[in-house]
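Visitor: Please give me a close look at one part of this model. Pick a helix, and show me what surrounds it.

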Amino acid sequence: MPRPARPAAKAEPAALAPSRANYPHCRRAGDYVFVSGLSSRRPDNSFVGGEIAPNGDMKFDIRAQTEAVLQAIRRSLATEGAALSDIVDVSTFLVDMSDFPGYNEVYNRHFDAATGPARTTVAVHQLPHPLIRIEIRAIAYRPLDAPARRATRGARKAA
């Protein structure tokens, strides 16, 4: 039986920094949407939560970086009709595990243990730029025939 034709590539969200190699920010495979590892890099190649001070010291804000990454994932998923609440698996890469509490603080605003995704967090030696402290990749499940979804800010259910 012949394989169905692959759908045309979707346009990347203008609010995201372009990929630095030949890969999409996200890719649909049937009912699953795979999001490439994203950072807090802006389209102008500056970084949310990372800057070099005039004296050359690097300053970081893991909370700002985490929020920027989750919003980039949200925008990327939206191109496929998915949302943060559709994420079933997250892999997070931290340059410094001392950033773990700040990362968790922001992460927990968007996901909860009962309905949130499975998660793995690992420490890595470095990421593609010295101002990047966190990168997150995600897998979402959003059936192709699912009804249209209104945009939401996060995956947590209202209390």
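Guide: Here is a walk through one helix, its packing, its rings and its charged side chains, and then some other spots in the chain.

First, the ground rules. This is a predicted model, so local features need pLDDT of at least 70, side-chain atom pairs count only at pLDDT 80 or more, and totals for chains, interfaces and linings use all residues. Residues are numbered from 1 along each chain as its sequence is written, and side-chain values use heavy atoms, with hydrogens and water left out.

Start with the core. In soluble globular proteins, nonpolar side chains tend to be buried together. The largest nonpolar core here has 24 residues. Such a core is a set of buried Ala, Val, Leu, Ile, Met, Phe, Trp, Tyr and Cys residues joined through side-chain atoms within 4.5 Å. Val35, Ile73, Leu77, Ile87, Tyr103, Ile134 and Ile136 touch the most other members. Two or more residues each come from strand S2 (32-38), helix H1 (62-78), strand S5 (87-94), helix H2 (100-110) and strand S7 (134-141). H1 gives the largest share, six residues. Helices (H or I, at least four residues) and strands (E, at least two) are DSSP runs, numbered from the N terminus.

Now take H2 itself. Which residues of H2 are buried? They are Gly102, Tyr103, Asn104, Val106, Tyr107 and His110. Buried means under 20% relative accessible area; exposed means over 50%, and partly exposed lies in between (1.4 Å probe, protein chains only). An α-helix has 3.6 residues a turn, so residues three or four places apart point the same way. The buried residues of H2 pack against H1, S5, strand S6 (118-123) and S7. Contact here means heavy atoms within 4.5 Å.

Next, the rings. Phe100, Tyr103, Tyr107 and Phe111 form one aromatic cluster. Rings of Phe, Tyr and Trp (its six-membered ring) pair if their centres lie within 6.5 Å; planes under 30 degrees apart count as stacked, over 60 as edge-to-face and the rest as tilted. The whole structure holds five aromatic pairs. One of them joins Tyr32 and Phe34, tilted, at 6.5 Å centre to centre with 40° between the planes. Tyr107 and Phe111 have ring centres 4.8 Å apart and planes at 35°, so this pair is tilted. Both Tyr107 and Phe111 are buried.

Now the charges on the helix. A salt bridge is a side-chain nitrogen of Lys or Arg within 4 Å of a carboxyl oxygen of Asp or Glu. The whole structure has seven salt bridges. In one of them, Glu105 meets Arg63 at 3.0 Å, N to O. This pair links distant parts of the chain: Glu105 sits in helix H2, Arg63 in helix H1, 42 residues apart. Glu105 is partly exposed at 36%. Arg63, at 38%, counts as partly exposed too. Arg109 joins Arg63 and Glu105 in a network of salt bridges.

Step back along the chain from H2. Ser98 lies in the loop between S5 and H2. Buried or exposed is Ser98? Ser98 is exposed, with a relative accessible area of 54%. Its side chain makes a polar contact of 2.8 Å with the side chain of Asp96. A polar contact is a pair of N or O atoms within 3.5 Å; within protein, one must be able to donate a hydrogen and the other to accept it, and residues adjacent in sequence count only if both atoms are side-chain atoms. Ser98 and Ile62 are 36 residues apart in sequence and 9.9 Å apart in space, C-alpha to C-alpha.

Look at two other salt bridges. Arg28 and Glu80 meet at 3.2 Å, N to O. Arg28 is in strand S1 (residues 26-29), while Glu80 is in the loop between H1 and S5, 52 residues apart. Both Arg28 and Glu80 are buried. Asp86 and Arg142 meet at 3.9 Å, N to O. Asp86 lies in the loop between H1 and S5, and Arg142 in the segment after S7, 56 residues apart. Asp86 is buried at 8%, and Arg142 is buried at 11%.
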